[in-house]
Amino acid sequence: MIVLGIETSCDETAAALVADDRHVLSNIVLSQIEEHRPYLGVVPEIAARSHLDHLDRLIARTLGDARCGWNDIAGIAATAGPGLIGGVLVGLTTAKAIALARNLPLIAVNHLEAHALTARLTDGVDFPYLLLLVSGGHCQLLAVEGVGRFRPYGGTVDDAAGEAFDKTAALLRLGYPGGPAVEAAAQRGDPARFDLPRPMAGRPGCDFSFSGLKTAVRHAVAALPGGTAGADDAADLAAAFQEAVADVLADRTRNAISRFRADFPAGTRLIVAGGVAANAQIRRVLADTAAQHGLDFVAPPAALCTDNAAMVAWAGLERLQAGLIDGLDVAARPRWPLAALTAAPGATR
Ligand code: KG4
Ligand code: ZN
């Protein structure tokens, strides 16, 4: 069984074909980074227009790469939210048009569920598992019990971790997108030169806060001679910032492991997903944390941690197999928390 996935919720236009034996037949991601770079962030209107300009040819290329025709495809999955609504509408409406024209089932995929299920595509992991989802828009710890079945343990009270990376990169003038730029600068830096806070660390619970950390970076820059960071200052601050984020993620994850252990004694895995999971230091620290608590650690390859359509196709495939398909009237949603998903096997949402 092969499913076509479409992803347009942010600044990547992506299409992929994935089979139920976990084979990715084709996976194309078209980044809009150059279009947004002058603005140091994603401009929703530019993103939506760019998705519209590229999506149909991208889907044709995806089919061509995999040497697939429409008759080989069992369903069309598209991100229906959460995300920038203009872009989500482009992808979802395209999926609806194909589903209608080809008489194929439509699966409206929650972008967060797609990140959450990626480790089942890449590593075939079984439910339940503990998930740290860290991306540009989201930062949460939850138990994943099944398709559409999530138990939240904590989330951010202000910025997401990826957002903190992006804002810190802007403060340090490291360029855009921020996460990879901070990681590259941190490799040249000394994390011990600046003493940054670890917000929430040591407190009970599994919530995060990153806005204070970003403010601490701003104050550290203001205290430098001339009030700006030179290349060495920026590298040292990037290293200190990245280490602080990694420490906080590990601290909060330790508390979540205790809760997961109590709720699911049979669970054996910690999974990390989302764009920030592409960061090598964060992966290392989380792997150590998992090992200290006797859990296996799984991080999908970086290219499947950042936004892509293979994860959307896979989530669609799992839903299709469970009988969870959607009508052509399904709405695009700017907000769509995981807790709002339905799961009943065999039921239609
Ligand atoms: O999952 P994703 O591609 O899009 C969202 O759903 O948000 O995540 C993008 C976020 C951005 O904030 C980006 O700066 C961050 O992931 N990111 C990273 C790295 N690569 C991407 N953060 C830290 N280190 C990286 N290497
Ligand atoms: Zn994402």
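Which residue follows α3, and what is the sign of its phi? That would be asparagine 103, with a positive phi near 55°. Keep in mind that this is a predicted model, so everything below describes computed geometry.

**Helix α3 and what packs on it**

Let's stay with α3 for a moment. The helix covers residues 85–102, which makes 18 residues. From first C-alpha to last it reaches 25 Å, close to the 26 Å expected at 1.5 Å a residue. Quite a list of its residues is buried: Gly87, Val88, Val90, Gly91, Leu92, Ala95, Lys96, Ile98 and Ala99. A lysine, Lys96, is on that list along with the glycines Gly87 and Gly91. As for the cover over these buried residues, it includes the strands β1 (2–7), β4 (73–81) and β5 (106–110), and also helix α2 (44–65).

**Histidine 51, from α2**

One residue of α2 deserves a visit of its own: histidine 51 sits in that helix. Is histidine 51 buried or exposed? Its relative accessibility is 0%, so it counts as buried; the cut-off for buried is under 20%. The side chain of histidine 51 has polar company, too. It reaches the backbone oxygen of cysteine 10 at 2.9 Å, and it makes a polar contact with the side chain of glutamine 32 at 3.4 Å.

Set aside the neighbours within four places in sequence, and histidine 51 is in contact with Thr8, Cys10, Asp11, Glu12, Thr13, Gln32, Gly87 and Val90. Two of those names bring us back to α3, since Gly87 and Val90 are among the buried residues of that helix.

**Two domains and where they meet**

Now zoom out to the whole chain. The domain assignment gives domain 1 as 2–117 + 307–340 and domain 2 as 125–303. Domain 1 is therefore written as two stretches of the chain, and domain 2 as one, with the bounds coming from an automatic or database assignment. Their centres, taken over C-alpha atoms, are 27 Å apart. The contact takes 18 residues from domain 1 and 16 residues from domain 2.

How much area do the two domains bury between them? About 1500 Å², with 70% of it on carbon and sulfur atoms. On the domain 1 side, His115, Ala116 and Leu338 supply 32% of the area buried against domain 2, more than any other three residues.

For polar links, the tally between the domains is four residue pairs in polar contact and zero salt bridges. The elements of domain 1 that give two or more residues to the side touching domain 2 are α1 (33–36), α4 (111–123) and α11 (310–321). Of these, α4 gives the most, with five residues.

**Threonine 168, over in α5**

Threonine 168 lies in helix α5, residues 161–171. Like histidine 51 it has a relative accessible area of 0%, so threonine 168 is buried. Its side chain turns to the backbone of the chain for a partner, reaching the backbone oxygen of alanine 164 at 2.8 Å. Beyond its neighbours within four places in sequence, threonine 168 is in contact with Lys214, Val217 and Phe241.

**Backbone oddities in the loops**

A few loop residues have backbone angles worth checking by eye. Here they are side by side.

| Where | Angle |
|---|---|
| Gly81 to Pro82, cis peptide bond | omega near -15° |
| Phe127 to Pro128, cis peptide bond | omega near -10° |
| Arg67, positive phi | about 50° |
| Met200, positive phi | about 80° |

To find them: proline 82 is in the loop between β4 and α3, while proline 128 lies in the loop between α4 and β6 (129–134). Arginine 67 lies in the loop between α2 and β4, and methionine 200 is found in the loop between α6 (178–186) and α7 (211–222).

Neither positive-phi residue in the table is a glycine. What about their surroundings, buried or exposed? Arginine 67 has 77% relative accessibility, so it counts as exposed. Methionine 200 has a relative accessible area of 15%, so it counts as buried.

Key:
Residues are numbered from 1 along each chain as its sequence is written. Chains are lettered from A and ligands numbered from 1 in the order in which they are written. Side-chain values use heavy atoms; hydrogens and water are left out. Helices (H or I, at least four residues) and strands (E, at least two) are DSSP runs, numbered from the N terminus. The expected span of a helix is 1.5 Å times one less than its number of residues. Buried means under 20% relative accessible area, exposed over 50%, partly exposed in between (1.4 Å probe, protein chains only). Contact means heavy atoms within 4.5 Å. A polar contact is a pair of N or O atoms within 3.5 Å; within protein, one must be able to donate a hydrogen and the other to accept it, and residues adjacent in sequence count only if both atoms are side-chain atoms. Buried area is the accessible area (1.4 Å probe) that two parts lose on being put together, summed over both. A salt bridge is a side-chain nitrogen of Lys or Arg within 4 Å of a carboxyl oxygen of Asp or Glu.
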